[in-house]
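Me: Could you take a close look at how one pair of neighbouring helices packs, and at the empty space in the model? I would like one connected account.

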Amino acid sequence: DRVHALTAALRAVAVTGIDGVVTGAWSAVQPPGLLPQRPISASALTVLLSCTHRFLLERILHLNQPASRPSTDAIDPIAYGALFHAAAERFFHEAGRALCARAGDVDAWVARAQAIAAEQFEQLRDEYPLRGSGAIERARDRLLRQTEQLVRDEWQRPVREYLASELSFGDPTPVRLVIDDGELYVRGAIDRLDRISGGGLSVRDLKTGRVHDLGDDPMNAGRDLQIGLYTLVL
């Protein structure tokens, strides 16, 4: 019956859903963020404010790019970001409080963080198709190098109190934000939260891509919304 219906739609003169006409479905659509039963994430808000058309396709109509085989020469950026975050979360849960208090030796902390990162990398290799020893070593060296950079950056910051890593919010009860035209319900996770001198909070989001120069590329919602949203939530 379904095949016959699709065949009839293809042969029809009038445009229908098979041609991409979806206006008849709007009454049943519930965009994320407007109801507490369906909160919206910071990443979805970023898509919305960067490109409303992409938001429509991906978050409303669920028309994502078709699945394809990942590269075997390098780890996909999304998969690498998840790998880096998983390693950082494990390390900070174990050593965050001591590291932020400048206890111990920085080289020892680097070695411990890299050991955790290496374990996470080996777990990923069971799932991710890297081809050849060269690609494996490049990916592994990148992860270990960025892990060391993260730990040394933490060590060089002023002494502070470590509070949380991957602090989730909005689950199971979404966070309600009052905006100009109504209410927005959000959920997500904050990469790092510390208490700094004076009692203030330091909110950070870890990124593995290139560093943006605010002189060349000023702050904008498409790139910097996450940190602002996390601040509002706190």
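Reply: Happy to! Please keep in mind that this is a predicted model. Let's begin with helix H2 (residues 42–50) and helix H3 (residues 52–60), whose axes come within 5 Å and cross at roughly 135 degrees. Angles from 115 to 145 degrees fall outside the roughly perpendicular and roughly antiparallel ranges, so H2 is oblique to H3. On the H2 side, the contact is made by Ser43, Ala44, Val47, Leu48 and Ser50, while H3 brings Thr52, Arg54, Phe55, Glu58 and Arg59. By class, that contact is a mix of 4 nonpolar, 3 polar and 3 charged residues.

Both helices also turn up around the largest pocket, which holds about 1,900 Å³ of space. H2 and H3 each give two or more residues to its lining, as do helix H4 (77–100), helix H6 (132–156), strand S4 (182–195) and helix H7 (221–233). The lining counts 43 residues, and the closest to the pocket centre are Asp205, Leu206, Lys207, Thr208 and Gln226. Its classes are 15 nonpolar, 14 polar and 14 charged.

Now for the enclosed space. The structure holds 1 cavity of 30 Å³ or more, and the largest cavity has a volume of about 60 Å³. H4, helix H5 (106–125) and H6 each supply at least two residues of its lining, with H4 giving the most, 5 residues. Among the lining residues are Phe84, Phe91, Phe92, Thr147 and Leu150. In this lining, 9 residues are nonpolar, 1 is polar and none is charged.

Notes:
Residues numbered from 1 in each chain as written. Predicted model: local features only at pLDDT ≥ 70, side-chain atom pairs only at ≥ 80, totals over all residues. Heavy atoms only, no water. Axes fitted to C-alpha atoms, helices over the stretch in contact; angles between N-to-C directions. Helix = DSSP H or I, 4+ residues; strand = E, 2+ residues; numbered from the N terminus. Parallel < 35°, antiparallel > 145°, perpendicular 65-115°, else oblique. Contact = heavy atoms within 4.5 Å. Nonpolar A, V, L, I, M, F, W, Y, C, P; charged D, E, K, R; others polar. 1 Å grid on protein atoms, 1.4 Å probe; cavity = no way out; pocket = protein on both sides within 12 Å on 5 of 7 lines; lining within 4 Å. Points joined across faces, edges and corners; volume = space filled by probe spheres on them.
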